[in-house]
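Welcome, and please open your viewer. We will walk through one chain step by step, selecting a few pieces at a time.

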Amino acid sequence: MKPFQRLNRIFNHLPVHLALILMCVAWVLPTMGLFVTSFRNSEDVRTTGWWTALAARQTPGEPEYTTYCASCHGADGKALPAADLSDPTLIEKYPRSNRLLAMLRKEINGQPHLTDPALPENPNEALEKLSPILTYMQDFSGSSQDQSRFTLRNYADALVGYKGTQNYLTDCEQGVESALSKFKCTAADLLNPEGMGRAFVNSLLVAVPSTLLPILLAAFAAYAFAWMDFKGRMWLFALLVGLQIVPLQMTLVPIARMYVSLGMEGSFIGIWLFHTGFGLPYAIYLLRNYLSGLPKEVFESVYLDGANHWTAFWQLAIPLATPAIASLAIFQFLWIWNDFLVAKIFLSNNPVLTVQITNLIDPRGGNWHILTGAAFLSFLVPMIVFFGFQRYFVRGMLAGSVKG
């Protein structure tokens, strides 16, 4: 019977194990794809999937080149000496396919540049055809800016907010002044207002005070609700619990108008107060339930020894409530760090990471490949916080739920 019992136990737990495996795969696989893509060069990102990163590298664009260019320029690109496509100095004038498209749209002797076949009229479809052609010409002319399979250039572009012709490091090396008008090619570029470096600082300036303030105020209120007897205590606590159902979105317009009248629009103080106000109800609820579950005899003995509420709060309640405070700090920090709506409305002049990611896209649709590096930078801190303090998450979820 023992073998059958063992099999029965395995099959009973099989659905749970399969669910856990599926959850892990669903979480880890996209993260791995984002991580791998963030280190790939722009052409590889545009032409192949991240799962091909370690596969044999192939040069794309030869069929497209043969279709559109080989009849005039030849298979090796040297048929027209005045437009030798194997000349790297010529190809370097077209670092992006949109520049190549602008040149091909110009007429030659009153005739379209490409006639048989002609490029699609839709710009997006035309760029889709030209991107592999440009990659092919860059490879056989030797002018490709990044021959390596993996690179840190995406992170450099994201950190400084670069939207130039090639990439930040290459243009700094070549001194492309038109594309570097906002940059100095020094460490000071990390604090460029359009980059993720400055947005990272802004996120810290928002998240840290907006985490500490509600916890400090909630700790005082929670102690009062748990261990101080005053009139209307339970009614006030019930009101705080009810405030948790108020949708955040319905208060954005009136508070924004109030901030404008007070001259607080676009200020860090305004967003600190907003996050503090909306974080207090849950924080007080969590800490109050945790403190009220502590042994009553401990506090009574402290009071009998002559301690007042101030002493009992700092020397007894706060140390005993450290697990609940730590878990609350994690919840509050992660929620504020990942916030987009409140930061977009109240801090548009100093964008945080979640807002700055949307600003990295070029108005013409370029530079989207650096979003992978930018996205990984944005959730690097939440991942560190989660894996470093994950034991507090369970304690925070159970804090105050069971007494005894």
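Which residues does the UniProt annotation "transmembrane region" cover? According to that unreviewed entry, the annotation covers residues 16–36, 204–228, 234–256, 268–287, 312–334 and 367–389. Keep in mind as you look around that this is a predicted model.

**Stop 1: the whole chain**

Show everything as a cartoon. You will find 21 helices and 0 strands. The chain has 404 residues, and 41% of them count as buried. Now think about contacts between residues with a separation of 6 or more: 70% of those in the chain come from residues 24 or more positions apart.

**Stop 2: two annotated spans**

Select residues 16–36. This span is 100% helix and 0% strand, and its end C-alpha atoms lie 30 Å apart. Next, select residues 268–287. Here too you see 100% helix and 0% strand, with 26 Å between the end C-alpha atoms. Keep this second region on screen, for the next three stops are about helix α13, residues 268–292.

**Stop 3: α13 with α11**

Add helix α11, residues 233–243. How do α11 and α13 lie relative to each other? Their axes come within 8 Å and cross at roughly 130 degrees. Angles from 115 to 145 degrees fall in the oblique class, and α11 and α13 are therefore oblique to each other. Their crossing is left-handed.

Show the side chains now. On the α11 side, look for Met234, Phe237, Leu240, Val241 and Leu243; they meet Pro281, Ile284, Tyr285, Arg288 and Asn289 in α13. Sorted by class, the residues of this contact are 8 nonpolar, 1 polar and 1 charged.

**Stop 4: α13 with α12**

Swap α11 for helix α12, residues 252–262. The axes of α12 and α13 come within 12 Å and cross at roughly 145 degrees. This time the crossing is right-handed. Select Leu252, Ile255 and Tyr259 in α12, and you will see them meet Gly270, Leu273, Phe274 and Phe278 in α13. The contact of α12 with α13 has 6 nonpolar residues, 1 polar residue and no charged ones.

**Stop 5: α13 with α10**

Bring in helix α10, residues 196–227. What is the angle at which α10 and α13 pack? It is about 40 degrees, with the axes 6 Å apart. The crossing of α10 and α13 is right-handed. By class, their contact contains 23 nonpolar, 6 polar and 1 charged residues.

**Stop 6: a loop residue**

Follow the chain back from α10 into the loop that links it to α9 (168–174), and select Cys185 there. The phi angle of Cys185 is near 55 degrees, a positive value in a residue other than glycine. Is Cys185 buried or partly exposed? Its relative accessible area is 35%. The buried class ends at 20% and the exposed class starts over 50%, so Cys185 counts as partly exposed.

**Stop 7: a residue in α18**

Finally, go to helix α18, residues 353–359, and select Val355. With a relative accessible area of 3%, Val355 is buried. Which residues touch Val355, leaving aside its neighbours within four places in sequence? They are Phe340, Ala343 and Lys344. To finish, draw a distance between the C-alpha atoms of Val355 and Asn338: these two are 17 residues apart along the chain, and the separation is 9.8 Å.

Technical notes
Residues numbered from 1 in each chain as written. Predicted model: local features only at pLDDT ≥ 70, side-chain atom pairs only at ≥ 80, totals over all residues. Heavy atoms only, no water. UniProt positions renumbered as here; feature names shortened; annotations may be inferred. Helix = DSSP H or I, 4+ residues; strand = E, 2+ residues; numbered from the N terminus. Axes fitted to C-alpha atoms, helices over the stretch in contact; angles between N-to-C directions. Parallel < 35°, antiparallel > 145°, perpendicular 65-115°, else oblique. Left-handed = near helix turned anticlockwise from the far one by under 90°. Contact = heavy atoms within 4.5 Å. Nonpolar A, V, L, I, M, F, W, Y, C, P; charged D, E, K, R; others polar. Buried < 20%, exposed > 50% of the residue type's maximum accessible area, 1.4 Å probe, protein only.
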